[in-house]
Amino acid sequence: QVQLVESGGGLVQPGGSLRLSCAASGSTLRYYTIGWFRQAPGKEREGVSCISSVPGSTYYADSVKGRFTISRDNAKSTVYLQMNSLKPEDTAVYYCAARLIPYYNNYVPNPSDFSFWGQGTQVAVSS
């Protein structure tokens, strides 16, 4: 069973950047599809990005496409979310999640499809 820990959140001004990390322990991350989700106050948790177990297939929500980049380093059991050109509407708690089901093209990440979750990291974008 894999345990996930997110880090890298914080307060940033609009237009700024942050890099979130999702570190795994207890099991190698290489076999898992990894998703990044976020949840703003009063809103449902939404899928932001997703990456296949073997790097090459990714998904981005329309709201972050062109600004966020997901990547993974299986040797370090870590997945990253580089967030550039941040906007106030990106403010949320960001979670990484893992599932063993392989990623397939055009898959839109759904929280109910993921079995393992981190505790979340807060991202606040404000001037």
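**Disulfide, core and aromatic pairs in a predicted model**

Cys-96 is buried, with a relative accessible area of 0%. I start there because Cys-96 is one half of a disulfide with Cys-22, the sulfur atoms being 2.1 Å apart. Keep in mind throughout that this is a predicted model.

So, the disulfide. Searching the whole structure turns up one. The torsion about the S-S bond is 70 degrees, and the link between Cys-22 and Cys-96 is right-handed. It joins distant parts of the chain, with Cys-22 in strand β3 and Cys-96 in strand β9, 74 residues apart. Cys-22 also counts as buried, at 0% relative accessibility.

There is another cysteine to account for. Why is Cys-50 not bonded to Cys-96? The closest cysteine sulfur to that of Cys-50 is in Cys-96, at 12 Å, which is too far for a bond. Cys-50 is buried as well, with a relative accessible area of 0%.

Next, the core. In soluble globular proteins, nonpolar side chains tend to be buried together. Here the largest nonpolar core has 37 residues, and the ones with the most contacts inside it are Leu-4, Trp-36, Phe-68, Leu-81, Met-83 and Tyr-94. Strands β3, β4, β5, β6, β7, β8, β9 and β11 each supply at least two residues of this core. Which strand gives the largest share? That is β9, with five residues.

Tyr-94 is worth a closer look. Setting aside neighbours within four places in sequence, Tyr-94 is in contact with Trp-36, Phe-68, Leu-81 and Met-83, among others. The contacts of Tyr-94 also include Glu-6, Arg-38, Gly-120 and Thr-121.

On to the aromatic residues. A pair of aromatic rings is described by the distance of the centres and the angle of the planes. The count for this model is six aromatic pairs. In one of them, the rings of Tyr-95 and Trp-117 have centres 6.3 Å apart and planes at 75 degrees, so the pair is edge-to-face. With Tyr-95 in strand β9 and Trp-117 in strand β10, the pair ties together parts that are 22 residues apart in sequence. The two partners can be put side by side: Tyr-95 is buried, at a relative accessible area of 13%, while Trp-117 is partly exposed, at 27%.

Tyr-103 and Tyr-107 make another edge-to-face pair, 6.2 Å centre to centre with 90 degrees between the planes. Tyr-103 and Tyr-107 are both buried.

Going back to Tyr-95 and Trp-117, these two belong to one aromatic cluster together with Phe-37 and Phe-114. Two arginines sit over rings of that cluster. The charged end of Arg-45 is over the ring of Trp-117, 4.9 Å from its centre. The charged end of Arg-99 is over the ring of Phe-114, 5.6 Å from its centre.

Now a few polar residues, beginning with Thr-78. Is Thr-78 buried or exposed? Thr-78 is buried, with a relative accessible area of 9%. The residue is found in strand β8, which covers residues 78-83. A polar atom of the Thr-78 side chain lies 2.9 Å from the backbone oxygen of Lys-76. Beyond four places in sequence, Thr-78 touches Ser-21, Cys-22, Ala-23, Leu-29, Arg-72 and Asp-73. That list takes in Cys-22, the disulfide partner of Cys-96.

Ser-17 is in the loop between β2 and β3, and is partly exposed at 41% relative accessible area. How far apart are Ser-17 and Met-83 in space? They are 5.4 Å apart, C-alpha to C-alpha, although 66 residues separate them in sequence. The Ser-17 side chain makes a polar contact of 2.9 Å with the side chain of Asn-84. Ser-17 also touches Val-12, Gln-82, Met-83, Ser-85 and Leu-86, among residues more than four places away.

Ser-85 brings me to the backbone. Phi of Ser-85 is near 50 degrees, a positive value in a residue other than glycine. Ser-85 lies in the loop between β8 and β9, and is partly exposed, with a relative accessible area of 41%. Asn-106 has a positive phi too, near 70 degrees, and is likewise not a glycine. Asn-106 lies in the loop between β9 and β10, and at 73% relative accessibility counts as exposed.

Conventions:
Residues numbered from 1 in each chain as written. Predicted model: local features only at pLDDT ≥ 70, side-chain atom pairs only at ≥ 80, totals over all residues. Heavy atoms only, no water. Helix = DSSP H or I, 4+ residues; strand = E, 2+ residues; numbered from the N terminus. Buried < 20%, exposed > 50% of the residue type's maximum accessible area, 1.4 Å probe, protein only. Polar contact = N/O pair within 3.5 Å; in protein donor to acceptor, adjacent residues only side chain to side chain. Contact = heavy atoms within 4.5 Å. Phe/Tyr/Trp six-rings, centres within 6.5 Å; stacked < 30°, edge-to-face > 60°. Lys NZ or Arg CZ within 6 Å of the ring centre and 35° of its normal. Core = buried A, V, L, I, M, F, W, Y, C linked by side-chain atoms within 4.5 Å. Disulfide = S-S within 2.5 Å.
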